[in-house]
Amino acid sequence: MTLRPFVMWPDKRLRTPCAPVDQITDNVRAIWADMVAAMDAMPGQGVGLAAPQIGEMIQLAVVDVTDDRSRRILLANPEILSAGSEMGSYTEASPCLPGVQAEIMRPTTVAVRFLNADGVIERRDFAGLEARSVQHQIDHLAGRMYFDNLGRVKRDMLLRRARKKR
C-alpha cells in the first residue's frame, strides 16, 4: 500500500469517464488498498475516494463513513439503480480541489449495483452519508466533480475562490 498524491483540479483526468473493471485482480486489490490509505490520510478523515482522484482511470471507489473505520465498502463498476425521492443538502468537498466546499442537494437514499471485493455482483441500499458518498464517488467515475451539481453562478464563484487559495 502506497500513499499516493491526489490528482489536482483542473487535471483533465478528473473530467474523463473511467473504464470498467473486468474482474477483481491482485492489481485491483492493490489499488483499493492505496485508495483506502489515501482516504484515511485525508484531513478531517475522508468518507470516500474514487480511483481517478489518485490517477487510476478505472471504475473503483471506496467508502467508509464510520469514525472507527469499521464499515469499508469497496466498489467496482458502481451503478445507481434507483434513488429515493427525498433530497438532502450536505457540505461536500474534494481533496482534488482543496480549500473550498459547497452545499449539494442529493437523494438521501440510493440502490446501487457493483462488483464487490470477492468479484460478485452485489446490490445494496445506501442511506444518509453513505448514500451521499457513493453518489459523489460515482460522479467522479463519470468525469464529474461535486460542484457540477451547482448552478453556473455558484460553480463559477467556487472555482474563483479555489484559484485564489492556490
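Tyr146 first. In this predicted model, Tyr146 is buried, because its relative accessibility is 1% and the cut-off for buried is under 20%. Who is its partner? Tyr146 forms an aromatic pair with Phe147. The geometry is edge-to-face. The centres are 5.7 Å apart, with 75 degrees between the planes.

Stay with Phe147. Its relative accessibility is 0%, so Phe147 counts as buried too. The count of aromatic pairs comes to two. In the other pair, Phe147 meets Trp9, with ring centres 5.1 Å apart and planes at 80 degrees, so that pair is edge-to-face. Trp9 is buried, like Phe147. Put together, Trp9, Tyr146 and Phe147 make one aromatic cluster.

Now, where do these rings come from? Trp9 sits in the segment before α1. Phe147 sits in the loop between α2, residues 128-141, and α3, residues 152-165. The two are 138 residues apart in sequence, so their pair ties together distant stretches of the chain.

From there, go to helix α3. Leu158 lies in α3. Buried or exposed? Leu158 has a relative accessibility of 1%, so it counts as buried. What does Leu158 touch, leaving aside neighbours within four places in sequence? Its contacts include Tyr146 and Phe147. So there is a link back to two members of the aromatic cluster. The other contacts of Leu158 are Leu97, Val100, Gln101, Ala102 and Leu150. For a distance check, take Met39. Leu158 and Met39 are 119 residues apart in sequence, and their C-alpha atoms are 23 Å apart.

Next, a polar side chain. Gln53 is in the loop between β1, residues 48-50, and β2, residues 60-63. Gln53 counts as buried, because its relative accessibility is 1%. What does its side chain reach? At 2.8 Å, the Gln53 side chain reaches the backbone nitrogen of Ala50. There is also a polar contact of 3.3 Å between the side chains of Gln53 and Ser94.

Gln53 has other company. With neighbours within four places in sequence left aside, its contacts include Pro5, Phe6, Val7 and Leu14. Pro95 and Cys96 are also among them, along with Ser94. Gln137 and His140 complete the list.

Ser94 takes us to the pocket. The largest pocket has a volume of about 500 Å³. It is lined by 21 residues. Which are closest to the centre? They are Met42, Gly46, Val47, Ala93 and Ser94. Ser94 is thus named twice here: in the polar contact with Gln53, and among the residues closest to the pocket centre.

Which elements build the lining? β4, residues 87-92, and α2 each supply at least two residues. α2 gives the most, with six. By class, the lining has 12 polar residues, seven nonpolar and two charged.

Last stop, an exposed position. Gly44 is in the loop between α1, residues 26-41, and β1. Its relative accessible area is 77%, over the 50% cut-off, so Gly44 is exposed. How far is Gly44 from Gly88, C-alpha to C-alpha? The separation is 22 Å, with the two residues 44 apart along the chain.

To recap. Trp9, Tyr146 and Phe147 form one aromatic cluster. Leu158 contacts Tyr146 and Phe147. Gln53 is buried, and its side chain meets that of Ser94. Gly44 is exposed.

Terms used: Residues numbered from 1 in each chain as written. Predicted model: local features only at pLDDT ≥ 70, side-chain atom pairs only at ≥ 80, totals over all residues. Heavy atoms only, no water. Helix = DSSP H or I, 4+ residues; strand = E, 2+ residues; numbered from the N terminus. Buried < 20%, exposed > 50% of the residue type's maximum accessible area, 1.4 Å probe, protein only. Polar contact = N/O pair within 3.5 Å; in protein donor to acceptor, adjacent residues only side chain to side chain. Contact = heavy atoms within 4.5 Å. Phe/Tyr/Trp six-rings, centres within 6.5 Å; stacked < 30°, edge-to-face > 60°. 1 Å grid on protein atoms, 1.4 Å probe; cavity = no way out; pocket = protein on both sides within 12 Å on 5 of 7 lines; lining within 4 Å. Points joined across faces, edges and corners; volume = space filled by probe spheres on them. Nonpolar A, V, L, I, M, F, W, Y, C, P; charged D, E, K, R; others polar.
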